[in-house]
Amino acid sequence: MSLKNKIKNNKFFSNAFGFESGIDIADDTQVLFRKNVVIKNIIFLSNLVFTIIFTFLSFGERSNIILAILLGLVTFLVNIGLKRTIYKNPGDITTQTIASFVACFYMFLLSIVIYLKLKFGSVVYLQECGYILIYYSLAVCSFYQNKKLLRVVFEWVLVLVTILHFTVTYGIVFSEMASDIQMFFTTFFVSDEFKDILLRTILLCIFMLVLYSIVSMSGYMQEERKKELQKRREVQKDFTNVVSKIFEVTLDNSSRSEEDKQNIYLISKMAKRLSELLSLPSEECEEVENFAKIHIEQSVNFDPSGATEDDKFELLREQTNLGSIIISRLQLERKCENIIRSTFEESNTNEFIIRMKTIQNEIHSQIILICELYTTMRSVKSYKKAYNHKLTMQYMTEQFKVYFEEDVFERFVRFKDEFEKIFDGNEGEDYEL
């Protein structure tokens, strides 16, 4: 089987018998609706198998053929009715609850009908197989993980199965034993039939106890998971509100002038070129270029409109990560401004220099910082005038060199003419390394 067919089959199985993505497990109605859909598909598959079995067993017997046809018709109508009930109002808990009760009791009654058919059939070795279907129907009902539903079904099963034991399995009600009450009490409780009925009943009760325990544990775990999910959503909502407000203030670009934005694009070009001059891989050169301008090209948006709960969490994670990256870029911008201000104010002490060198001192940050220092020195700021290329490079050599690794600073100084042309808008000329 090809990989494409395997994926297609897995998707079909997941859609028909699994829990699809997008189901909000904290929404009881959505969960019950999905369970009803899965049970409906299980019932359809069961009906199909039962009809095939009945048809196979009916060859040569006219009455059995008629019964098989009637059973197929009934199961078809029940499936149609159950499907309409389930899909009539997926968001109504009452409708979905009714559908779950109908599905459970139908499965149980169908197992009883098949048991009766096989019990009175001509194929002896299949007579007890119908009894197994009663356990099968109970297992299907337990899928709902509803203790109340399972308890009600069990009460009915216990009563009806007991009646079956006395009427169909052993026919005690119609025997001579039942005609004489005294003889019944003296002979029945020591008979093999009583022992077998008692054993069957005990096994049925044990099976139901196991199912009830499984449903109870699953229900408890489900409730705890819902509580944790609700807590997570509350924390996620509060965190989103706080972070969005912080980012809204911190990452506000409305005060940036067009000249500032243009300078940032120049910084990104210079940073990419300096990365190439330092022989960094092309992927890293692209990363440096994009990081240099990320704070004006991208913005944080926590709007979850149309997103599922899983998508909301992923959106929060992605946008928070994006905000952290943008803040890191703004930190470099602020570092550049602090260095220039401290230089002009003559407050660039050794302590200040050491502190600045500990802030984003990896090579990518140094590349962007040196380009930002050059561009800022060449531009007009509120605390300084614009300096020409020669004077800027003098400041770079005498005042700013201490903040950089030797190879980064050496490459920038060696190709200073190229960076001058990029800033002046004449970067079309090619240079050799």
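Start by selecting D407, which at 43% relative accessibility counts as partly exposed, and keep in mind while moving through the tour that the model in the viewer is predicted. D407 is part of helix α17, which covers residues 406-414. Add E405, E406 and E410 to the selection, and together with D407 they show a patch of negative charge gathered on the surface.

From this patch, turn to the charged side chains that do find a partner. Side chains of opposite charge can pair when their charged atoms come close. Counting a side-chain nitrogen of Lys or Arg within 4 Å of a carboxyl oxygen of Asp or Glu as a salt bridge, the model holds 15 salt bridges, and the next stops visit some of them.

Select D196 and R200 next, whose closest N and O atoms are 2.6 Å apart in a salt bridge. Both residues belong to helix α9 (residues 192-250), where they are four residues apart, or about one turn of the helix. Is R200 buried or exposed? With a relative accessibility of 14%, R200 counts as buried, because the cut-off for that class is under 20% relative accessible area. Its partner D196, at 22%, counts as partly exposed.

Move on to helix α13 (residues 309-344) and pick out E314 and R317, which are three residues apart there, again about one turn of the helix. Their side chains meet in a salt bridge with an N to O distance of 2.6 Å. Here both partners are partly exposed, E314 with a relative accessible area of 30% and R317 with one of 48%.

Stay on α13 but shift the selection to R329, and add E372, with which R329 forms a salt bridge whose closest N and O atoms are 2.9 Å apart. This pair links distant parts of the chain, as E372 sits in helix α15 (residues 363-377) while R329 sits in helix α13, 43 residues away. Both E372 and R329 are buried. For a further stop on the same theme, select D28, E223 and K226, which are joined into one network by salt bridges that share partners.

Now leave the charges and display helix α14, residues 350-357, whose buried residues are F352, I353 and M356. Looking down the axis of α14, you will find that these buried residues fall within an arc of 100 degrees, so they line one face of the helix. Which exposed residues does the face turned away from the buried side carry? On that face of α14, select N350, E351 and I354.

Finish with two loop residues whose backbone deserves a look. The one to select before the other is E346, in the loop between α13 and α14; E346 is not a glycine, yet its phi is positive, at about 60 degrees. With a relative accessible area of 71%, E346 is exposed. Then go to S279, in the loop between α10 (258-277) and α11 (282-292). S279 likewise has a positive phi of about 60 degrees although it is not a glycine, and at 60% relative accessibility S279 counts as exposed.

Conventions. Residues are numbered from 1 along each chain as its sequence is written. This is a predicted model: local features need pLDDT of at least 70, side-chain atom pairs count only at pLDDT 80 or more; totals for chains, interfaces and linings use all residues. Side-chain values use heavy atoms; hydrogens and water are left out. Buried means under 20% relative accessible area, exposed over 50%, partly exposed in between (1.4 Å probe, protein chains only). Patches are made of residues with over 30% relative accessible area and no salt bridge: like charges are joined within 9 Å, nonpolar side chains (Val, Leu, Ile, Met, Phe, Trp, Tyr) within 5 Å. Accessible areas come from the Shrake-Rupley method with a 1.4 Å probe; for residues, only the protein chains shown count as cover. Lys and Arg count as positive and Asp and Glu as negative; His and the chain ends are not counted. The place of a charge is taken as NZ of Lys, CZ of Arg, CG of Asp or CD of Glu. The arc is that of the directions from the helix axis to the C-beta atoms.
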